[in-house]
2 protein chains.
Amino acid sequence: MACDLDCDPSKEAMVREILERIADKWTLLVIEALDRETDIRFSRLQERVGNISQKMLTKTLRQLERDGLVTRRVHPTVPPRVDYRLTPLGESLGEAVCGMWMWVEKHVEAVEDARRTFDGRSERPAA
Amino acid sequence: MACDLDCDPSKEAMVREILERIADKWTLLVIEALDRETDIRFSRLQERVGNISQKMLTKTLRQLERDGLVTRRVHPTVPPRVDYRLTPLGESLGEAVCGMWMWVEKHVEAVEDARRTFDGRSERPAA
């Protein structure tokens with residue numbers, strides 16, 4: 001098996017809780033956007049992620065900041081410029097997230113084929 | 001940057017759709033459980049994942065089967081025995097998922113520290 005985890009039972013609940021937080025489409029898409037472009041402004045980030053509401057992006061960024069994955073910087077300009085970047089911790093998570101993203105990109109056709117086969121089978125009338 | 005994607009724009013919507021499907025806590029937890037133990041029965045899987053309802057596990061497994069990631073086998077016994085395993089495609093996704101899981105395990109303390117700092121800062125009364 002690929003995943004050889006040696007999980008300390010006392011940590012398991014926390015590991016699970018963090019995984020559940022990260023395993024959220026907006027979180028993954030925001031991390032990926034921040035991984036592609038550093039010191040990115042809110043509006044630009046919203047554009048890159050696509051279809052994310054202002055409220056949801058604010059919430060996602062705040063959680064990422066709380067988890068130590070994103071730094072929010074306010075520049076003393078008029079009006080203040082606010083930008084976001086991954087912390088070194090966030091960058092290391094970015095690599096793991098990339099692994100998933102690259103898997104999807106590599107196997108998108110295989111998944112589409114599987115779906116067609118499955119849906120064709122399901123549509124067959126029962127004998 | 002860690003993630004050097006060379007995404008074909010025509011595939012991007014599909015890549016995103018698959019990532020969103022996978023980026024779901026139950027999906028990730030089920031893949032991880034199947035990655036640890038093969039030919040696993042429904043009830044055992046439910047026990048391993050923990051806190052997942054029968055309905056949600058059924059739905060998650062069906063989606064994974066549709067995506068070509070899981071094989072459902074019915075053995076001709078009385079009563080029929082049904083078990084689940086990852087397909088080779090599912091195993092390769094398992095490795096990517098493991099990368100995220102291991103990241104969490106490795107950095108759980110760092111995330112907890114960041115949260116304590118963030119929450120301490122938020123609790124500080126405004127000047």
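What percentage of the 127 residues in chain A is made up of buried residues? Buried residues account for 28% of chain A. The legends below describe close-up views of a predicted model.

**View 1. Chain A combines five helices with three strands.** Along the sequence, the elements of chain A follow the pattern α-α-β-α-α-β-β-α. Chain A has 127 residues, of which 28% are buried. Among the contacts in chain A with a separation of 6 or more, 47% join residues that lie 24 or more positions apart.

**View 2. The three strands of chain A form an open sheet in the order β1-β3-β2.** The pairing in this sheet is antiparallel. Strands β1 (40–41) and β2 (70–75) of chain A are the edge strands, each pairing on one side only. Two bridges connect β1(A) with strand β3 (residues 81–86) of chain A in the antiparallel sense. In this part of the sheet, A:R41 stands opposite A:D83 of β3(A).

**View 3. A hairpin joins β2(A) to β3(A) in chain A.** Five residues make the connection between the two strands. The strands run antiparallel and are joined by six bridges. A:V70 has A:L86 of β3(A) as its bridge partner. In a regular strand the side chains alternate between the two faces of the sheet.

**View 4. Strand β1(A) pairs with β3(A), and helices pack on the sheet of chain A.** The pairing of β1(A) with β3(A) is antiparallel and comprises two bridges. Helix α2(A) packs on the sheet and touches β1, β2 and β3 of chain A. The direction of α2(A) makes about 95° with that of β3(A). Helix α4(A) also packs on the sheet, where it touches β2 and β3 of chain A. The direction of α4(A) makes about 110° with that of β2(A).

**View 5. Chain B contains an open sheet of three antiparallel strands.** The strand order is β1-β3-β2. At the edges are β1 (40–41) and β2 (70–75) of chain B, each of which pairs on one side only. Strands β1(B) and β3(B) pair over two bridges in the antiparallel sense, and B:R41 stands opposite B:D83 in β3(B). Six bridges join β2(B) to β3 (residues 81–86) of chain B. Within β3(B), B:R81 is the residue that stands opposite B:H75. Strands β2(B) and β3(B) form a hairpin with five residues between them. Helix α4 (residues 54–66) of chain B lies across β2 and β3 of chain B and runs at about 110° to β2(B).

**View 6. Helix α2 of chain B comprises residues 25–36.** At 1.5 Å a residue, the twelve residues of α2(B) should span 16 Å, and the end C-alpha atoms are 17 Å apart, which agrees. The buried residues of this helix are B:T27, B:L28, B:L29, B:V30, B:I31, B:E32, B:L34 and B:D35. An α-helix has 3.6 residues a turn, so residues three or four places apart point the same way.

**View 7. Chains A and B meet in a contact that takes 47 residues from each chain.** On the side of chain A that touches chain B, α1 (9–22), α2 (25–36), α4 (54–66) and α5 (88–123) of chain A each supply at least two residues. The largest share of this side, 24 residues, comes from α5(A). By residue class, the side of chain A that touches chain B divides into 27 nonpolar, five polar and 15 charged residues.

**View 8. A rotation of 180° superposes chain A on chain B.** The shift along the rotation axis is 0.0 Å, and the RMSD is 0.0 Å. That is the relation of a two-fold axis. Of the residues of chain A, A:A23 comes closest to the rotation axis, with its C-alpha at 2.4 Å. The same surface serves both copies, as 100% of the contact residues of chain A recur in chain B.

Note on methods. Residues numbered from 1 in each chain as written. Chains lettered and ligands numbered in written order. Predicted model: local features only at pLDDT ≥ 70, side-chain atom pairs only at ≥ 80, totals over all residues. Pairing = 2+ DSSP bridges. Helix = DSSP H or I, 4+ residues; strand = E, 2+ residues; numbered from the N terminus. Contact = placed C-beta atoms within 7 Å. Axes fitted to C-alpha atoms, helices over the stretch in contact; angles between N-to-C directions. Nonpolar A, V, L, I, M, F, W, Y, C, P; charged D, E, K, R; others polar. Least-squares fit on C-alpha atoms with pLDDT ≥ 70 in both. Expected span 1.5 Å × (residues − 1). Buried ≥ 20, exposed ≤ 12 C-beta atoms within 10 Å, placed from the backbone.
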